[in-house]
Each structure stands twice: as C-alpha cells, then as structure tokens.
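Subject: Handing over the two-chain model

Dear colleague,

I am passing the structure below on to you, and my notes on it follow. Please read them with the coordinates open beside you.

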Amino acid sequence: MSSGSGVGGAASLASPSRGVQAGRLIERPIVLRLVSIALFAAIWQVAGLIPVSFAFPTFSDTMVAFVRMIADGSLPTAYISTLQPLILGVILATFAGVGVGTLCGLSRPGEWLLIPVFIVLQAAPVAAFIPLVTFIYGIGMTAKTLAVIILALPVIVLNTYKAVRNVNESLLVMNRSFMGTRWQEVTKIVLPDASPVIFAGLRLGVAAGFVGVVLAELLITPTGIGDLITFARSRANYAGMYATIASVIALSTVTLVALQWIEIRVFRPEKRGG
Amino acid sequence: MHAAIVRNDAVPTNVVSDAIVEVRGISKTYSGVEALRDVDLDFPRGKLTSLLGPSGCGKTTLLKIIAGLIGADRGTVAVNGKKVSAPGPERAFVFQDFALLPWATVLRNVAFGLELRGTAKEEREAIARRYVVDVGLAGFEDKYPHELSGGMRQRVGLARALCVDADVLLLDEPFSAVDEQNRRKFQEDLIRLRTNQNKTFIFVTHSIEEAVYISDRIVLLSPRPGRVSRIIEPEIDRSGDPDRIHRDKHYLDTVQEIWQGLKQYVE
Ligand SMILES: Nc1ncnc2c1ncn2[C@@H]1O[C@H](COP(=O)(O)OP(=O)(O)OP(=O)(O)O)[C@@H](O)[C@H]1O
Ligand SMILES: [Mg+2]
C-alpha cells in the first residue's frame, strides 16, 4: 500500500486505453470507437462486480464518483493546479526539444556535443531525479514544471534529431537546384519532411509529461491530481481514486488525439482522409 | 551510312557556333573513381541534346556539374557565355526520382521553384496552372503526388522546371521510373513541348531508341572515365505521326549505328 501501488494502477490502466487511441482512432468511423469504449467499460464493470479486488470499484461507481468530484469542485481545483505546470512544461519541452533536435540534426558539432546527453537521459530512470529537483527547487510550480520537462524532453529531442538527420536527400538537392536558401531548406523541406517522426516524439513526450507531473505530485508536492489520488486512497475511497486516475488517462488520450489532428491538418495534409 | 544521318556531310563536332552551354576540360574524380576526364562539349541553343553511354560512364555526373549541383575538379562550364559553379535561374533540373514534396499538392509542387524565388502566391499559382495544363495534368491541380502514377509525377517535375522559365532544362533519365506506355506518350509530349517552348534540353538516357527518337543531337560517352566518343545528329522529321517515326528508315538506321558503336563496351 505504498504510493507505488497507485502509480502501478495508473500505468496498467493506461496501456490498453493508449493502444486504442494510437493511430487507428482517427481513421475509423465513430461507431467503432464508441463500441470499443463501451466494451472497455463493460469489462471494467464485470471485473468490478466479481470483484477482482476489494480495492477495485465498478465502472458505474467510478463514474458516479467522477460526477460527484466535478460537482463538489475537488476535481476542477486539482486540475487547475496540475495543468498549469503540465501545459507550461510541455510547451517549453516542445519548443526546446524540436529546436535542439533540429540543430543537432543539422550540425555535426551540435550532434556530438548534445545527443549523447539525451541518449543517457532517455536510458536513465529519469523519474529518480524528481526528488532531486524538489530538493533544489522546492515543491512549487517550478519543480513540477521541471519534472514535466525532464521526462518529456529527451524523447522529443532524439526523435526530432533522428528525423532531421534522415531527411530525404533528393529533396534537399531539388531545393538547391532551384536556388532555395538554407532557411528555406529547413522550413520548407526539412521540418515538413521530418514532421511525422517529430510528432511521434511529441506524442511520447506529452505522455511522458503527464507521467512527470503526476509523479511529482505523488512523490513530493502533495497538490493537484496526485494529491487527490493519495487523499482518496488514504480514505479507502477507491471509486474516487479510480475516477481521478481515469480522468488523467482520458485527458492524456484526448491530448494525443488532438496532437495527431494538428499534425495531419497543418503539416501533412496528404494523409488526410486517404 | 554516316552521311545519310548527318546533314551537309559535316561530322558534328564538340564545339558549335551558337552554344548556350559550353563545357571545357571538365574532369571529376570521386575518391579514387575517375568519372569524367577532360570533357569538351557544346550544347547548341534551342536543341535537344542527349547524353548516351554505358552505365557508370559519368552521364549524371556531367549533368550535375552543368547544373552546378556538384563541383568539377578541373575545367569550366559556361552558360550564355558566363562561367557558372552553382545552380542559377537559367538552368532547371528534372530529377530521375521526381523529387516532389509529398505533402504539397500538384499545384504547389509545380510552383515550388517560384515559391523559393519569392514570387507572390497568386502570381506563381497562375503561372503554375498554365504549365500544369501544358504537361497534360489539367484537373489534377489539387491532388497529392501519392495519388498520381509515375508518369504523372514526372510531368509534375517537368512542369516545375518549365515554370521557372529557365533557358536550359536538364533531365536525368526522366523516364526511367515510368512504365513503357507512359514513356512513349511522354516522349511524344516532350517533342511537342520542345517545339513550342523554344528551350534547350539536355537529356540523359540509357535508351538508344529514346535518344534517337527525341534528340537533335546525341553525344555518346565512352565508359569510365567518361569522354566524348562520338556525336551524332539524327535527321528525323518529327512533324508526322509518331508511330511512323518508329518505322522510319533513318530512325532505324541511326539506332542500329549507335548500337554498333556501343556494342564494344558491353562485350
Ligand atoms: N557520390 C559518389 N561517390 C563516389 N562515386 C560516385 C559518386 N557518384 C558517382 N560515382 C561513380 O562515378 C561514376 C559515374 O557515375 P554517374 O552516376 O555519373 O554515372 P551514370 O553514367 O549516370 O550511370 P547510370 O547510367 O548508371 O546512371 C560511377 O562509376 C559511380 O560509381
Ligand atoms: Mg545516372
């Protein structure tokens, strides 16, 4: 019953729902999506009725708790506290990550200097640094934002770098033959060509950002969503706990789908529809 | 037999009087591989010249040096009398692998050369629309490259090169990734385009038939290191029915003659 069990629960719930959203959601008709969600809810309901564990509520109990927590304001308040560092961290990590990744992909010295750092960061269990961040920056907004950035940045940098390095060579030659400048090369060829892999990195980065902020709140700064989960568990209010966890997963999923929508709308219009 | 092919009994030479592109003493060695050795060659204005030769003889290398995409170790290239060492507005390249932006529509791809030059959107799209029609792609303006066949994609590449209004068009095996039927149709269209565009074409090809069918002038290169081995000017009347040309005696004789010349290299 350490705080670890709460995290484990979140992670194991996250994987099936993330599998559902990945890619296919956008192409399939809405009906299939609803069926898939309904099926998931039904399995949850049955598992809760058996029950799998005394600490595992049914789907309907969870939904009731969810509505109650919205009504009494505890969930919205928690989200205001959690979303601020999350959004700020994700935005900073996106711009810094895509920027640094692009520079490393374009210049050899940048590559040699910075890429090893991010490879190590990605390999390391970065979550272990979070208590360190708190030690230095306290338990406020800064620490939470940093936690988000630490988790999100490496994968964004590395994906961007990889995509930029593997840009279609023949398009670069074409750009040169029509006298495109270096700046035009980057903005009109390299970034659009790299955008699918960059966006794959952004999706992983955003998901990691969610992990970062919740971890920070569970481990160190008892505020926001993390605090709500801890608080609900301490009072054996499992329905409330699961409602909170499920809401994070739902929000994370919606964010990732929105990101995919932006990618296709703005950067790769040829992938629309077909 | 030779005299029948070359007008006025004159053997065509490397140097011509009204040359738009002048290649002088070009040599190129890639890390130990000597691709071109001391190539002197003129390309007459307003004509279609083909570079023909065995695989690996340096055709692409020569074309890219003329385009300014790679540098030569020695020698110079002059276009309109001015020495060039980088891409310029008077030359446009058509790529073997099309090099189209997959995320851009046909219209944007065709206008891309102008987009890079900073031409206003409305103006460049108006110009691009004209060339889209010229190359036979009317109605496909808003399609993406992956929705087109290989032949259509290369038409986009050709329209993009025409759009920037260069004097010289450089085409590197533009039909090699296009199926046979489309290739024939495309060759006919190229002959037609050439008569009303008044541009100079420099065309790399593997195919003797293709070279004889479309060229005013054929430059045969020797195997590596590439040098000019012979120049042939097929005198073929292309005004009539395209199918008639393929049965024309001149045409068949010239193909045969070139094949005799090249055969030694393959054996
Ligand atoms: N970037 C390069 N690095 C090293 N060697 C090269 C490079 N490009 C070409 N070569 C070599 O130079 C020679 C000429 O190459 P090039 O591509 O110009 O030939 P080509 O006549 O166009 O051949 P093909 O008909 O097969 O296209 C070849 O032997 C090739 O292996
Ligand atoms: Mg070649």
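In chain A, buried residues make up 47% of the 274 residues. Please bear in mind throughout that this is a predicted model.

Chain A, to begin with the overall picture, has 12 helices and 0 strands, so that its elements, read from the N terminus on, run α-α-α-α-α-α-α-α-α-α-α-α. Among its contacts between residues at least 6 apart in sequence, 75% join residues that are at least 24 apart. The area that chain A exposes comes to about 13600 Å², of which carbon and sulfur atoms supply 73%.

One position in chain A that I looked at in some detail is A:Thr58, which is placed in the loop between helix H3 (30-49) and helix H4 (59-71) of that chain. Is this residue buried or exposed? With a relative accessible area of 7%, A:Thr58 counts as buried because it falls under the 20% cut-off. Leaving aside residues up to four places away in sequence, A:Thr58 touches A:Trp44, A:Gln45, A:Gly48 and A:Leu49. A:Ile43 is 15 residues from A:Thr58 in sequence, and the two C-alpha atoms are 9.5 Å apart in space. On the polar side, a side-chain atom of A:Thr58 lies 3.2 Å from the backbone nitrogen of A:Asp61.

Turning to chain B, I would draw your attention to strand S9 (residues 217-221), which is mostly covered, since 5 of its 5 residues are buried. In a regular strand the side chains alternate between the two faces of the sheet. In S9(B) both faces are covered, with B:Arg217, B:Val219 and B:Leu221 buried on one side and B:Ile218 and B:Leu220 buried on the other.

The pairing of S9(B) involves two strands that I followed in turn. With strand S3 (residues 48-52) of chain B, S9(B) pairs in the parallel sense over 4 bridges, and here B:Leu220 is the bridge partner of B:Leu52. With strand S10 (residues 228-232) of chain B, S9(B) runs antiparallel and is joined by 4 bridges; B:Val219 has B:Ile231 as its bridge partner in S10(B). S9(B) and S10(B) form a hairpin, and 6 residues lie between them.

Finally, there is the interface, where 25 residues of chain B are in contact with 19 residues of chain A. The two chains bury about 2000 Å² between them, and 68% of this is on carbon and sulfur atoms. Which three residues supply more than any others of the area that chain B buries against chain A? They are B:Leu69, B:Trp103 and B:Leu116, which together supply 36% of that area.

As for polar interactions, the count between chain B and chain A is 1 salt bridge, in which the side chains of B:Glu115 and A:Lys188 meet at 2.7 Å, N to O. Across the same interface, 5 residue pairs are found in polar contact, both residues being at pLDDT 80 or more. The elements that give two or more residues to the side of chain B that touches chain A are strand S6 (91-94), helix H4 (112-116) and helix H6 (150-163) of chain B. H4(B) gives the most to that side, with 4 residues.

With best wishes

Conventions. Residues are numbered from 1 along each chain as its sequence is written. Chains are lettered from A and ligands numbered from 1 in the order in which they are written. This is a predicted model: local features need pLDDT of at least 70, side-chain atom pairs count only at pLDDT 80 or more; totals for chains, interfaces and linings use all residues. Side-chain values use heavy atoms; hydrogens and water are left out. Buried means under 20% relative accessible area, exposed over 50%, partly exposed in between (1.4 Å probe, protein chains only). Contact means heavy atoms within 4.5 Å. Accessible areas come from the Shrake-Rupley method with a 1.4 Å probe; for residues, only the protein chains shown count as cover. Two strands pair if DSSP finds at least two bridges between them. Buried area is the accessible area (1.4 Å probe) that two parts lose on being put together, summed over both. A salt bridge is a side-chain nitrogen of Lys or Arg within 4 Å of a carboxyl oxygen of Asp or Glu. A polar contact is a pair of N or O atoms within 3.5 Å; within protein, one must be able to donate a hydrogen and the other to accept it, and residues adjacent in sequence count only if both atoms are side-chain atoms.
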